[in-house]
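Here is a friendly briefing to read alongside the model. Please have your viewer open as you go through the points.

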Amino acid sequence: MGFDRRVRIAPSILSADFADFGREIQAIEAQGADWVHVDVMDGHFVPNLTFGPPAVAAFRRHVRTVMDVHLMIAPVDPYIDAFAQAGADILTAHVEAGPHIHRTLQAIRGAGMKAGVALNPGTPAEAVAHVLDLCDLVCVMTVNPGFGGQSFIDMTPKVRALRSLIGDRPIHIEIDGGVTPQTAPLVVQAGADVLVAGSAVFSGGSVENPARYGENIRAIRVAAQSIAV
Ligand code: DX5
Ligand code: ZN
């Protein structure tokens with residue numbers, strides 16, 4: 001309930017200390033994170049490996065806000081129930097991950113989660129035009145997925161196209177990759193409302209120096225809201 005398009009910052013724990021996820025999650029939430037973004041990679045759909053359902057279930061014990069789980073895996077469908085059990089609030093699958101995104105989104109909602117669909121930089125907005133009624137979130141990748149710390153790829157025309165396709169449906173537009181105080185205003189102006197940020201949130205901070213996380217989150221939020229209508 002209560003959908004709105006206020007700007008949300010979702011730090012990606014891909015840039016956290018992998019030996020200290022519990023305290024890292026507590027620190028970013030205490031410092032103003034709206035959601036916690038969890039990047040699941042399989043070494044097949046993307047050239048990197050991160051964590052699976054047991055690790056995500058362990059993260060859940062520390063998340064007080066919203067656990068936003070981004071699957072960069074193929075296939076998706078055999079793992080949907082495991083991520084539901086692990087406590088994902090939002091489960092996002094890539095439209096490029098298989099031939100049956102419609103079925104996948106139905107299954108995610110059927111398992112009791114919000115459903116997201118992600119688009120790689122080379123995939124047009126129109127690829128999701130016929131599944132929007134099954135979506136709660138569209139994630140526009142502004143890097144090629146697989147790694148944190150990459151440079152922002154300008155996808156503002158795609159964000160505008162999606163904003164128009166979505167109309168007044170209650171669907172978030174999330175931006176993932178290379179979000180900084182410099183790039184955030186461009187995508188928010190184009191219609192995005194959820195900003196994933198890994199390196200731009202975690203750089204310079206630590207669980208011993210969490211105030212820096214707060215400064216980083218505020219810098220992105222202030223920059224994004226400076227142009228918000
Ligand atoms: C990339 C991931 C992103 C990544 C963002 O494959 O999906 O969530 O962690 O990291 P930054 O903000 O450093 O680009
Ligand atoms: Zn991500």
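**Briefing on the predicted model**

Ile 101 has its place in helix α4 (residues 101-110); helices (H or I, at least four residues) and strands (E, at least two) are DSSP runs, numbered from the N terminus. This is a predicted model, in which local features need pLDDT of at least 70 and side-chain atom pairs count only at pLDDT 80 or more, while totals for chains, interfaces and linings use all residues. Residues are numbered from 1 along each chain as its sequence is written, chains are lettered from A and ligands numbered from 1 in the order in which they are written, and side-chain values use heavy atoms, with hydrogens and water left out.

**Buried positions and C-alpha distances**

- Ile 101 counts as buried because its relative accessibility is 14%; buried means under 20% relative accessible area, exposed over 50%, and partly exposed in between (1.4 Å probe, protein chains only).
- From Ile 101 to Asn 48 the C-alpha distance is 22 Å, with their positions 53 residues apart in sequence.
- Val 117 belongs to strand β5 (residues 114-119), and its 0% relative accessibility makes Val 117 buried.
- Val 117 and Thr 104 are 9.5 Å apart, C-alpha to C-alpha, and 13 residues apart in sequence.
- Ala 88 sits in the loop between α3 (80-85) and β4 (90-94) and is buried at 8% relative accessibility.
- The C-alpha atoms of Ala 88 and Val 66 are 8.2 Å apart, and the two are 22 residues apart in sequence.

**Aromatic pairs**

- Six aromatic pairs turn up in a search of the whole structure; rings of Phe, Tyr and Trp (its six-membered ring) pair if their centres lie within 6.5 Å, and planes under 30 degrees apart count as stacked, over 60 as edge-to-face and the rest as tilted.
- Phe 21 and Phe 51 form an edge-to-face pair, because their ring planes stand at 90° with the centres 5.6 Å apart.
- This pair links distant parts of the chain, 30 residues apart: Phe 21 is in helix α1 (residues 21-30), and Phe 51 is in the loop between β2 (36-41) and α2 (53-60).
- Both rings belong to buried residues, with relative accessibility of 12% for Phe 21 and a relative accessible area of 9% for Phe 51.
- One aromatic cluster brings together Phe 18, Phe 21, Phe 51 and Phe 59.

**The zinc site**

- His 37 (NE2), Asp 39 (OD), His 70 (ND1) and Asp 176 (OD) are the protein donors of the zinc ion (ligand 2), at 2.0 to 2.3 Å from it; donors are N, O and S atoms within 2.8 Å of the metal (3.2 Å for Na, K and Ca), and water is not among the atoms, so sites may look incomplete.
- The site of the zinc ion (ligand 2) is octahedral, with angles of 68 to 169° among its six donor atoms; six donors count as octahedral if opposite donors are over 155 degrees apart and all others between 65 and 115.
- The spacing of the donor residues in sequence is H-x1-D-x30-H-x105-D.
- Asp 39 lies in strand β2 and Asp 176 in strand β7 (residues 172-176), so this pair ties together parts 137 residues apart in sequence.
- Asp 39 and Asp 176 are both buried.

**A cis peptide bond**

- Ala 74 and Pro 75 are joined by a cis peptide bond, with omega about -5°.
- Pro 75 lies in the loop between β3 and α3.
- For context, most peptide bonds are trans.

Note on methods:
Tetrahedral: all angles 85-135°; square planar, octahedral: opposite > 155°, others 65-115°.
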